[in-house]
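This report describes the strand pairing, the pockets and the overall form of one protein chain. The sequence and the structure are shown first.

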Amino acid sequence: QNSRQYGYKADQFLPDPLRWGRLIDSDDLPIVLAGMRSISEGETNSYHAEFRLHRPDGSMRWVAGHGSALRDGGGRLVAIEGILTDITDVKRSEDELAYSHNLLTTAVESSPDAILVVDATDRVTMYNKRFIDLWGVPEKLLHTGVDKPILKHVASQMKNEREFTSHVRHLYDHPEIQSHEELETADGRIIERDSRSLYSAKKKYLGRVWFFRDTTEKKRAAEKIAELARTDSLTGL
């Protein structure tokens with residue numbers, strides 16, 4: 001089975017004992033040899049390494065190699081037994097997941113909105129710098145991943161703290177509700193807030209995403225335009 005992972009039959013390795021090493025990607029070979037060396041020098045009895053194999057048909061496969069020491073009754077090393085597992089599909093999935101994560105992170109950080117994502121257990125899973133800047137949330141508070149103290153920190157800045165907290169809790173308890181409203185802070189800012197639930201492909205509730213945008217200047221400009229439209233510029237009447 002191991003030989004087939006390399007793309008050869010077992011008897012093709014016997015006349016050329018070093019062939020297996022030449023099939024391992026040159027960047028990964030030192031990792032494998034270091035593991036084998038640690039067994040040979042008695043530092044450990046096993047090692048694990050992930051590396052790329054170049055097969056004779058030109059294809060490249062990722063494998064997980066696990067090596068174990070075989071010793072005689074006196075404890076002397078007799079051989080190193082290796083088992084290979086093809087993990088190409090796993091690696092491909094990891095790469096695709098990493099790409100999707102990087103793409104999502106870039107999109108979140110590039111958004112004009114302050115964003116906070118909370119999962120179904122009220123754990124913070126994602127936020128952007130605009131969220132930190134808008135609410136002045138200490139990063140150590142965000143790093144705990146607990147939503148409750150973050151909610152308390154934001155609520156303390158509201159004109160009506162109790163109403164704000166109550167509405168947030170209501171939305172958490174009713175994931176089917178999508179929400180949009182204007183918030184007024186104690187220092188006079190106007191914040192637009194959007195909130196919507198996240199679901200899996202099987203309609204399982206995953207959490208809630210919150211979007212915040214400071215519209216104070218926009219609101220004031222609109223009020224000024226409305227005032228000018230109602231006022232004569234010469235008489236002020």
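## Pairing of strands 4 and 8

Val-118 has Arg-208 of strand 8 as its opposite residue. The model in which this pairing is seen is a predicted one. The two strands concerned, strand 4 (residues 114-119) and strand 8 (residues 205-214), are antiparallel and are paired over six bridges.

## The five-stranded sheet

Strands 4 and 8 belong to an open sheet of five strands, whose order is 5-4-8-7-6 and whose pairing is antiparallel. The edge positions are taken by strand 5 (124-127) and strand 6; each has a single partner strand, so one side of each lacks a neighbour in the sheet. From one strand to the next, the twist is 20° on average.

Helix 4 (residues 88-110) packs on this sheet and touches strand 4 and strand 5. The direction of helix 4 lies at about 60° to that of strand 5. As a general point, side chains in a regular strand alternate between the two faces of the sheet.

## The hairpin of strands 7 and 8

Strand 8 also pairs with strand 7 (residues 190-199); the two run antiparallel and are joined by nine bridges. Within this pairing, Ile-191 has Asp-214 in strand 8 as its bridge partner.

Strand 7 and strand 8 form a hairpin with five residues between the strands. In this hairpin, Lys-203 adopts a positive phi near 70°.

## The largest pocket

Which residues lie closest to the centre of the largest pocket? The pocket itself holds about 420 Å³ of space. It is lined by 19 residues, and those closest to its centre are Asn-2, Tyr-6, Trp-20, Ile-80 and Gly-82.

Five elements each contribute at least two residues to this lining: helix 1 (2-6), helix 3 (29-40), strand 1 (46-54), strand 2 (60-71) and strand 3 (77-86). Strand 3 makes the greatest contribution, with five residues. By class, the lining of the largest pocket comprises twelve nonpolar, six polar and one charged residues.

## The second largest pocket

The second largest pocket contains about 170 Å³ of space. Its lining consists of Met-158, Lys-159, Asn-160, Glu-163, Phe-164, His-167, Glu-181, Glu-182, Leu-183, Glu-184 and Arg-193. Helix 8 (161-173) and strand 6 (179-184) are the elements that supply two or more of these residues.

Strand 6 gives the most to the lining of the second largest pocket, namely four residues. Strand 6 is also one of the edge strands of the five-stranded sheet. The lining of the second largest pocket divides by class into six charged, three nonpolar and two polar residues.

## Overall form

The protein chain contains nine helices and eight strands. The radius of gyration of the chain is 30 Å, whereas a compact globule of 237 residues would have a value near 18 Å. Measured out along the principal axes of the chain, the C-alpha trace spans about 105 × 40 × 35 Å.

How values were computed: Residues are numbered from 1 along each chain as its sequence is written. This is a predicted model: local features need pLDDT of at least 70, side-chain atom pairs count only at pLDDT 80 or more; totals for chains, interfaces and linings use all residues. Side-chain values use heavy atoms; hydrogens and water are left out. On a 1 Å grid over the protein atoms alone, a cavity is a set of points where a 1.4 Å probe fits but cannot get out, and a pocket is an open set with protein on both sides within 12 Å along at least five of seven lines; lining residues have an atom within 4 Å of a point. Grid points are joined across faces, edges and corners, and a volume is the space filled by probe spheres set on the points. Ala, Val, Leu, Ile, Met, Phe, Trp, Tyr, Cys and Pro count as nonpolar, Asp, Glu, Lys and Arg as charged, and the others, Gly among them, as polar. Two strands pair if DSSP finds at least two bridges between them. Axes are lines fitted to C-alpha atoms, for helices over the stretch in contact, and angles run from 0 to 180 degrees between N-to-C directions. Contact means heavy atoms within 4.5 Å. The radius of gyration is taken over C-alpha atoms; the globule rule is 2.2 Å times the number of residues to the power 0.38.
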